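Colleague: I'm new to this one, so could you walk me through it slowly?

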Amino acid sequence: MLESRYKYLFLLPGLFTLLAIIIFPLVFTFRLSFSSWDVVAPALDFIGFDNYVRVFHDMRFWESLATLGTVVLSVVSIEYIIGFGLALTLWQDIEKSRFFRVLFIIPMMSTPVIISVVWRTMFHESLGPINDLLAMLNLPTVPWLSKPTSALIAVMIVDVWQWTSFVFILLLAGLLSLPHEPYEAAAMDGANHFQTFWHVTFPMMAPISIGILIIRIIEASKIMETVYVLTSGGPGTSTETSAYYIFIRSLREFQIGYSSAMSIIYLLMMIVALTLIARGLTRVLVGKGG
Amino acid sequence: MRIIIYKGTKYLVLILWSAFVAGPFLWALSTSFKNDAAVVSGATYIPFVDFEPSLEGWRILFSADTEGVNIAGPYISSLIVTVVSSLVSLALGTLAAYGLSRFTFRAGPLGNKDIAFFFISQRIITPVVLAIPYFLLLKTFQLLDTHIGLILIYIAMLLPIVVWVMVDFFNNISTELDEAALVDGCTPLGAFYKIILPECTPGLVVTGLLCFIFAWNDFFFAFTLTFVDTQLLPVSIVALNSSKVPWWSLSSSSLVAIVPLVFLAIWLERYLTRGALLGALK
């Protein structure tokens with residue numbers, strides 16, 4: 001038996017450090033959300049639920065949430081599909097594909113904000129290479145960052161570029177850890193490539209897929225730096241995500257009380273949404289193929 | 001015939017995706033050798049053929065004059081903050097993860113699972129929510145615009161990652177190892193340090209690399225909590241992204257910031273494809 005009086009030596013240093021750094025900000029944000037603290041009068045007064053009522057009527061907040069939902073759902077699905085495709089492509093001859101594997105994970109290691117700066121020059125309408133290549137292929141050029149739809153697509157392209165790598169490498173690791181027996185059985189039954197994938201590979205990858213998708217949804221919902229560099233939320237407010245809108249209200253306009261209320265509502269909605277998504281994914285991915 | 005089509009499609013996919021992935025880096029590399037003339041006339045790609053190369057973008061990185069970027073200072077600051085916060089998080093987080101894996105903790109109705117969940121749930125919090133309180137917190141302790149202040153914030157960011165990944169590694173190591181060490185007269189800390197830690201080197205490497213990537217790539221906290229005395233690399237590069245953008249120095253500094261991580265990618269790939277993170281996902 002391990003001596004139990006030592007156990008606190010292991011856990012407590014880390015736990016107390018995290019608590020010391022994180023608890024004050026969380027509690028203070030909660031307290032601030034009931035105050036009228038802004039740039040004119042930084043006061044820790046108590047105004048009840050006024051800020052929360054204001055959030056409820058703030059269409060810009062709900063629109064930013066809708067934008068966020070669109071971006072997250074789109075990029076995570078695209079990343080999952082492409083990442084799975086690439087992983088399946090490299091899975092069979094793993095010995096020879098080291099070059100591609102290393103190349104394909106470089107995007108997830110690149111500083112998001114810096115690579116967004118590079119992408120911004122690439123999306124430049126008249127001097128950037130993307131429109132130049134489109135013109136060379138006789139395709140119509142796109143006003144990337146100055147039209148609402150194409151600006152949103154540009155943000156998504158950068159996110160897909162960056163994070164498909166993450167989905168890819170973890171799915172590849174998952175594929176490599178699968179047992180051989182089910183495949184031998186499927187081959188004996190005369191299953192073709194597609195049937196093997198749908199009835200053997202995909203169900204066995206379900207638990208890992210759920211983990212990866214949840215992490216990607218959590219991380220993708222924080223999207224802000226790409227928006228900040230690429231479009232500053234524009235044109236208009238068309239690429240404004242929740243985090244970016246909270247950033248505008250808090251660190252640009254110093255409506256501290258109000259932005260805190262938005263933060264609290266946002267966090268609560270995230271927790272509810274993630275719980276529902278986790279349940280839904282488990283039902284869809286684990287439930288099928290049985 | 002079918003096998004040819006299959007292989008052809010496969011290589012087409014690989015080449016297309018490689019081009020997409022490499023595109024921004026090749027563009028940045030090419031642009032870093034351009035000057036004003038090579039940028040304002042439309043997109044150009046190949047030096048000597050499309051444009052006359054210039055070393056201006058690279059020279060400016062290390063010059064301290066008014067239009068220079070002088071990237072050395074921010075580079076060293078970024079390295080210090082990243083390495084220190086990663087090491088501290090790794091030490092504290094590994095201990096906590098071992099504790100959670102080996103012992104039973106009770107605090108009222110809360111048990112090990114709840115404590116582990118508390119650590120991991122911190123990842124859900126969007127950084128922007130914490131910016132103002134962090135600002136006030138650091139201001140109270142006069143740590144705004146200092147390395148130490150930023151290191152503390154990064155530790156809070158990295159600890160959840162370390163605990164999350166390492167708990168699973170420890171769970172996969174048999175407790176018989178600990179017990180044997182204790183029978184041999186080790187203290188629990190000694191058993192952990194001498195016997196268990198060497199067993200999970202792959203986990204420590206992957207976790208350490210993840211910490212390094214997350215801290216090195218952070219922009220938001222550095223942007224809101226440091227200003228003049230402490231300048232990190234991402235912030236000073238984004239500062240170039242202002243009204244008149246010098247594309248060449250923007251590109252050269254971006255490459256310099258990202259290249260160290262490309263070398264880490266070679267290392268990380270080896271551990272990740274061996275499944276070093278899989279347990280934590282389930």
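Modeller: Sure, we'll go from the chains to their contacts and then to a few single residues.

This is a predicted model, where local features need pLDDT of at least 70 and side-chain atom pairs count only at pLDDT 80 or more, while totals for chains, interfaces and linings use all residues. Residues are numbered from 1 along each chain as its sequence is written, and chains are lettered from A and ligands numbered from 1 in the order in which they are written.

Colleague: How many helices and strands does chain A have?

Modeller: Helices (H or I, at least four residues) and strands (E, at least two) are DSSP runs, numbered from the N terminus. Reading along chain A gives α-α-α-α-α-α-α-α-α-α-α-α. The count for chain A is 12 helices and 0 strands.

Colleague: And how many helices are there in chain B?

Modeller: From its N terminus, chain B runs α-α-α-α-α-α-α-α-α-α-α-α-α-α. With 0 strands, chain B comes to 14 helices.

Colleague: What is the radius of gyration of chain B?

Modeller: The C-alpha atoms of chain B fill a box of roughly 75 × 70 × 35 Å along the principal axes. The radius of gyration is taken over C-alpha atoms, and the globule rule is 2.2 Å times the number of residues to the power 0.38. A compact globule of 282 residues would come out near 19 Å, but chain B has 24 Å.

Colleague: What share of the residues in chain A is buried?

Modeller: A residue is buried if 20 or more other C-beta atoms lie within 10 Å of its own, exposed if 12 or fewer, and partly exposed in between, with C-beta atoms placed from the backbone. In chain B, 46% of the 282 residues count as buried. For the 290 residues of chain A, the share is 42%.

Colleague: How many residues of chain B are in contact with chain A?

Modeller: Two residues are in contact if their C-beta atoms, placed from the backbone, lie within 7 Å. On that basis, 75 residues of chain A are in contact with residues of chain B, and those on chain B number 81.

Colleague: Which helix gives the most to the side of chain A that touches chain B?

Modeller: For classes, Ala, Val, Leu, Ile, Met, Phe, Trp, Tyr, Cys and Pro count as nonpolar, Asp, Glu, Lys and Arg as charged, and the others, Gly among them, as polar. That side of chain A divides into 53 nonpolar, 16 polar and 6 charged residues. The most, 15 residues, comes from helix α1 (residues 7–32) of chain A.

Colleague: At what angle do helix α4 of chain A and helix α13 of chain B cross?

Modeller: Among the residues that meet here are A:I105 and A:M109 in α4(A), and B:L261 and B:E269 in α13(B). By class the contact has 10 nonpolar, 1 polar and 2 charged residues. Axes are lines fitted to C-alpha atoms, for helices over the stretch in contact, and angles run from 0 to 180 degrees between N-to-C directions. The axes of α4 (residues 98–109) and α13 (residues 247–273) come within 9 Å, and the crossing is at roughly 115°.

Colleague: Inside chain B, at what angle do helices α4 and α10 pack?

Modeller: Residues in this contact include B:S78 and B:L90 in α4(B), and B:T207 and B:W216 in α10(B). The contact of α4(B) with α10(B) has 6 nonpolar, 7 polar and no charged residues. The axes of α4 (residues 72–102) and α10 (residues 201–217) are 9 Å apart, at an angle of about 140°.

Colleague: What is the phi of A:F254 near?

Modeller: A:F254 sits in the loop between α11 (242–252) and α12 (256–287) of chain A. Most residues other than glycine have a negative phi. A:F254 has a positive one, near 55°.

Colleague: Is B:D145 buried or partly exposed?

Modeller: B:D145 is in the loop between α6 (127–140) and α7 (147–171) of chain B, and its phi is positive, near 60°. Since B:D145 has 16 C-beta neighbours inside 10 Å, it counts as partly exposed.

Colleague: How many Å apart are A:A186 and A:T196 in space?

Modeller: A:A186 lies in helix α8 (residues 181–188) of chain A. Beyond its neighbours within four places in sequence, A:A186 is in contact with A:A191, A:T196 and A:V200. A:A186 and A:T196 are 10 residues apart in sequence, and their C-alpha to C-alpha distance is 6.4 Å.
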